[in-house]
Amino acid sequence: VVDVAASEVDEASGLLWAAGADGVAEIELPGGGVRLVAGIAPADEAAAVDALEPRWRPETLDGHHDGWLDAWRPFAHPIRVGPVVVHPPWQPPPWPGLEVGTGDTVVPIDPGGAFGHGDHPTTRMVLAAVVDRVPPARRVLDVGCGSGVLSVVAARLGAEHVRAIDVDEAAVSATATNAEANGVADRVQADGTALGDVHETYELVLANVLAPTLIELGPALSARLAPGGHLVVSGMLASQVDQVIAACAPLRVVSRTQAASAVAEPWVACTLAHP
Ligand SMILES: C[S@@+](CC[C@H](N)C(=O)[O-])C[C@H]1O[C@@H](n2cnc3c(N)ncnc32)[C@H](O)[C@@H]1O
């Protein structure tokens with residue numbers, strides 16, 4: 001575990017990966033700075049500590065992977081995107097500095113072992129698109145649902161049918177659990193079906209996955225989009241946007257947002273539609 005300045009994240013996490021880390025979690029600290037929590041096999045631990053700058057005062061914790069995978073939990077916090085507030089269930093309201101009004105939709109999400117308690121910049125950009133498009137969109141497809149945060153928010157905002165798919169079993173089960181906890185299990189169908197085996201079309205298609213996957217899935221994503229609908233792709237860096245858009249042809253970009261990332265270029269999300 002090392003606490004570093006935001007400007008040192010790339011350097012420190014690069015050193016951790018090079019020292020054999022099999023995962024590095026980045027947790028934004030309330031007073032500024034970032035806590036990096038890396039999972040490292042005991043045999044690589046000493047070398048990893050040596051590789052880091054002593055001024056970062058690396059600490060080692062004994063633990064199983066479950067321990068470091070859960071290390072972010074105490075730091076998770078509620079986030080607001082328009083009228084939607086997503087929060088960890090172990091931090092119920094009220095929240096200092098975050099007022100909740102009668103028009104707000106408050107959504108508890110526990111990612112379990114899956115990705116997505118809502119605060120990642122790539123997730124936030126898709127959440128904003130969901131807030132904009134549901135309603136009128138009634139049928140939603142969420143490809144790479146992770147914790148189910150996007151699916152559950154879409155259903156809580158009134159979507160009638162949400163299909164959530166993911167290659168990771170932990171994601172499918174987290175999505176089902178979060179749908180249940182939010183009272184929308186009857187409208188969120190989560191399973192491990194491959195995108196190529198989904199045949200229906202949807203008014204809103206969401207995909208927050210990394211660029212190589214977006215490029216691979218592009219033709220199938222656009223094929224699942226109903227006429228007049230919108231495809232939201234997120235998870236790509238600015239330099240990867242052109243390739244992702246080309247893979248989604250013949251769809252055209254109707255809007256684009258971006259957010260800071262831990263590397264030099266920003267994350268980008270694009271909304272596309274039939275020409
Ligand atoms: C960055 S997470 C996004 C989770 C959540 N949708 C969010 O926005 O917070 C990406 C998810 O996509 C899943 N994934 C990766 N490749 C996939 C594929 N080819 N088909 C379906 N899911 C995939 C991963 O297992 C992971 O849960």
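These questions and answers cover a predicted model, its ligand site, its two sheets and a few backbone features.

Reader: Which residues come nearest to the ligand?
Author: The model is predicted. There are 15 residues around the ligand. Five of these come nearest: T123, G144, D166, N208 and V209.

Reader: How do the residues of the ligand shell divide by character?
Author: Two residues of the shell are charged. Another six are polar. The remaining group is nonpolar, and its count is seven.

Reader: How far is the side chain of D166 from an oxygen atom of the ligand?
Author: D166 is among the residues that come nearest to the ligand. The contact uses an N or O atom of the D166 side chain. Its partner is a ligand oxygen, and the distance is 2.6 Å.

Reader: Which residue has a polar backbone atom 2.8 Å from a nitrogen atom of the ligand?
Author: Two backbone contacts to ligand nitrogen can be set side by side. A backbone N or O atom of V167 lies 3.5 Å from a nitrogen atom of the ligand. The 2.8 Å distance belongs to G144.

Reader: How much of the accessible area of the ligand does the protein cover?
Author: On its own, the ligand has 600 Å² of accessible area. The protein covers part of that area, and the share is 82%.

Reader: Which elements give two or more residues to the shell around the ligand?
Author: One spans residues 149-156. The other spans residues 211-223. They are α5 and α7.

Reader: What is the strand order of the open sheet of seven strands?
Author: The pairing in this sheet is mixed. Its edge strands are β9 (188-191) and β12 (252-259), each pairing on one side only. From one strand to the next, the twist averages 15 degrees. The order reads β9-β8-β7-β10-β11-β13-β12.

Reader: Which residue of β8 is the bridge partner of V143?
Author: Strands β7 (residues 139-143) and β8 (residues 161-165) run parallel. Five bridges join them. The β8 partner of V143 is I165.

Reader: What angle does α5 make with β8?
Author: α5 packs on the sheet. It touches β7, β8, β9 and β10 (202-208). The direction of α5 and that of β8 make an angle of about 175 degrees.

Reader: Which helix lies across β8 and β9?
Author: This helix covers residues 169-181. Its direction runs at about 160 degrees to β9. It is α6.

Reader: Why do β4 and β6 each have one side without a neighbour in their sheet?
Author: The sheet is open, with three strands in the order β4-β5-β6 and mixed pairing. β4 (79-81) and β6 (105-108) stand at its edges, so one side of each is left without a neighbour. The reason is that each has a single partner strand.

Reader: What is the bridge partner of V86 in β6?
Author: Strand β5 (residues 84-87) pairs with β6 in the parallel sense. Four bridges make up that pairing. In β6, the partner of V86 is V107.

Reader: Which strands does helix α4 touch?
Author: Helix α4 (residues 121-133) packs on the sheet. Its direction makes about 45 degrees with that of β4. The strands touched are β4 and β5.

Reader: What is omega for the cis peptide bond between P93 and P94?
Author: P94 lies in the loop between β5 and β6. The bond joins P93 to P94 and is cis. Its omega is about 5 degrees.

Reader: Where does P135 lie?
Author: The peptide bond from V134 to P135 is cis. Its omega is near -20 degrees. P135 lies in the loop between α4 and β7.

Reader: What is phi for R57?
Author: R57 lies in the loop between α2 (42-51) and α3 (65-69). It is not a glycine, yet its phi is positive. The value is about 45 degrees.

Terms used. Residues are numbered from 1 along each chain as its sequence is written. This is a predicted model: local features need pLDDT of at least 70, side-chain atom pairs count only at pLDDT 80 or more; totals for chains, interfaces and linings use all residues. Side-chain values use heavy atoms; hydrogens and water are left out. A residue is near a molecule or strand if one of its heavy atoms lies within 4 Å of it. A polar contact is a pair of N or O atoms within 3.5 Å; within protein, one must be able to donate a hydrogen and the other to accept it, and residues adjacent in sequence count only if both atoms are side-chain atoms. Accessible areas come from the Shrake-Rupley method with a 1.4 Å probe; for residues, only the protein chains shown count as cover. Ala, Val, Leu, Ile, Met, Phe, Trp, Tyr, Cys and Pro count as nonpolar, Asp, Glu, Lys and Arg as charged, and the others, Gly among them, as polar. Two strands pair if DSSP finds at least two bridges between them. Axes are lines fitted to C-alpha atoms, for helices over the stretch in contact, and angles run from 0 to 180 degrees between N-to-C directions. Contact means heavy atoms within 4.5 Å.
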